[in-house]
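Trainee: Could you show me how to read a structure feature by feature, taking the general idea first and the particular case afterwards?
Mentor: Gladly; let us look at the structure together and begin with the backbone.

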Amino acid sequence: MTDPRWLDDREQCLWRTWRQMHIDLTSALDRELARDSGLSGADYAILVPLSESPDGRLRARELRTEAKWDRSRLAHQLRRMEQRGLIVREDCDEDARGTMARLTPAGREAIEMAAPGHVAAVRRYFVDHLSDEEIDTLRSVADRVLARIRAAETA
């Protein structure tokens, strides 16, 4: 086994700052979302792809991939959302073992009411603090990191 390539002070500072920014930004956005709309960050993570789907339906497997959650977490989240009338779960027509999640009118209303405030918070805490060049650079960096992660996951 080779010796680890330890982070130097500059790299360690970058990593810790980025990690703390991610934690604090996610917490701030989730708090505002809950306060202003009654939706949790987890609710929002499910409602967005459902609302963007042409028929408001997606397979649970697709939602799991989108949210990067395990099966159990998704099942619990869908159950809670179904109890609140935001979604309904249905059998999959193409695969008897599959489950579909469908956005209800109440779920569509909830995401449409929450989205303007959420995007305003994303702008206020993040996007508006970056120049056009910084946005392009950060996007490029994020794309490279994500590509590396995806390549490692499929290897």
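**Reading the features in turn**

Mentor: Lys 68 lies in the loop between helix 3 and helix 4, and, since this is a predicted model, what I say about this lysine and about everything that follows describes a prediction.

Trainee: What is unusual about the phi of Lys 68?

Mentor: The general idea is that most residues other than glycine have a negative phi. In this structure, Lys 68 has a positive phi of about 60 degrees although it is not a glycine. The residue also counts as exposed, because its relative accessible area is 60% and the cut-off for that class is over 50%.

Trainee: Let us turn to the interior. Which residues have the most contacts inside the largest nonpolar core?

Mentor: A nonpolar core is a set of buried nonpolar residues joined through side-chain atoms within 4.5 Å. The largest one here has 22 residues, and those with the most contacts inside it are Leu 39, Ile 46, Leu 47, Leu 50, Leu 63 and Leu 78. Two or more residues are given to this core by each of helix 2 (41–52), helix 3 (60–67), helix 4 (71–83), strand 3 (99–103) and helix 5 (105–125), and helix 2 gives the most, with five residues.

Trainee: Which residues lie far apart in sequence and yet have a stated C-alpha separation, and where is Tyr 44 found?

Mentor: Tyr 44 is found in helix 2, and it is buried because its relative accessible area is 14%. Between the C-alpha atoms of Tyr 44 and Leu 33 there are 8.6 Å in space, while the two residues are 11 apart in sequence. Another such pair is Ala 60 and Arg 89, 29 residues apart along the chain, with C-alpha atoms separated by 8.9 Å. Ala 60 lies in helix 3 and counts as buried because its relative accessibility is 13%.

Trainee: How is Thr 99 placed, and is it buried or partly exposed?

Mentor: Thr 99 is found in strand 3, and it is partly exposed because its relative accessible area is 31%. Its C-alpha is 8.0 Å from that of Arg 61, although 38 residues separate Thr 99 and Arg 61 in sequence.

Trainee: Now for the charged side chains: how many salt bridges does the structure hold?

Mentor: In general, side chains of opposite charge can pair when their charged atoms come close. This structure holds nine salt bridges. One of them joins the side chains of Arg 35 and Asp 36, with an N to O distance of 2.7 Å, and both of these residues are exposed. Arg 35 and Asp 36 are also linked with Glu 32 and Arg 124 in a network of salt bridges.

Trainee: Why are Arg 139 and Asp 143 separated by about one helical turn?

Mentor: They are separated by about one helical turn because they are four residues apart in helix 6. Their side chains meet in a salt bridge, 3.1 Å from N to O. Arg 139 counts as exposed, at 55% relative accessibility, whereas Asp 143 counts as partly exposed, at 37%.

Trainee: And which residue does Arg 123 meet in a salt bridge?

Mentor: The side chain of Arg 123 meets that of Asp 128, again with a stated N to O distance, here 3.1 Å. Arg 123 is partly exposed, with a relative accessible area of 43%, while Asp 128, at 52% relative accessibility, counts as exposed.

Trainee: Finally, the surface: which residues form the negative patch?

Mentor: When reading a patch, remember that its residues have over 30% relative accessible area and no salt bridge. The negative surface patch here is formed by Asp 132, Glu 133, Glu 134 and Asp 136. Glu 133 is found in helix 6 (residues 132–154), and it counts as exposed because its relative accessibility is 63%.

Trainee: Which residues make the nonpolar surface patch?

Mentor: Leu 7, Leu 14, Trp 15, Trp 18 and Met 21 make a nonpolar surface patch of about 530 Å². Within this group, Trp 15 has its place in helix 1 (residues 9–37), and at 45% relative accessibility Trp 15 counts as partly exposed.

Conventions: Residues are numbered from 1 along each chain as its sequence is written. This is a predicted model: local features need pLDDT of at least 70, side-chain atom pairs count only at pLDDT 80 or more; totals for chains, interfaces and linings use all residues. Side-chain values use heavy atoms; hydrogens and water are left out. Patches are made of residues with over 30% relative accessible area and no salt bridge: like charges are joined within 9 Å, nonpolar side chains (Val, Leu, Ile, Met, Phe, Trp, Tyr) within 5 Å. Accessible areas come from the Shrake-Rupley method with a 1.4 Å probe; for residues, only the protein chains shown count as cover. A salt bridge is a side-chain nitrogen of Lys or Arg within 4 Å of a carboxyl oxygen of Asp or Glu. Lys and Arg count as positive and Asp and Glu as negative; His and the chain ends are not counted. The place of a charge is taken as NZ of Lys, CZ of Arg, CG of Asp or CD of Glu. Buried means under 20% relative accessible area, exposed over 50%, partly exposed in between (1.4 Å probe, protein chains only).
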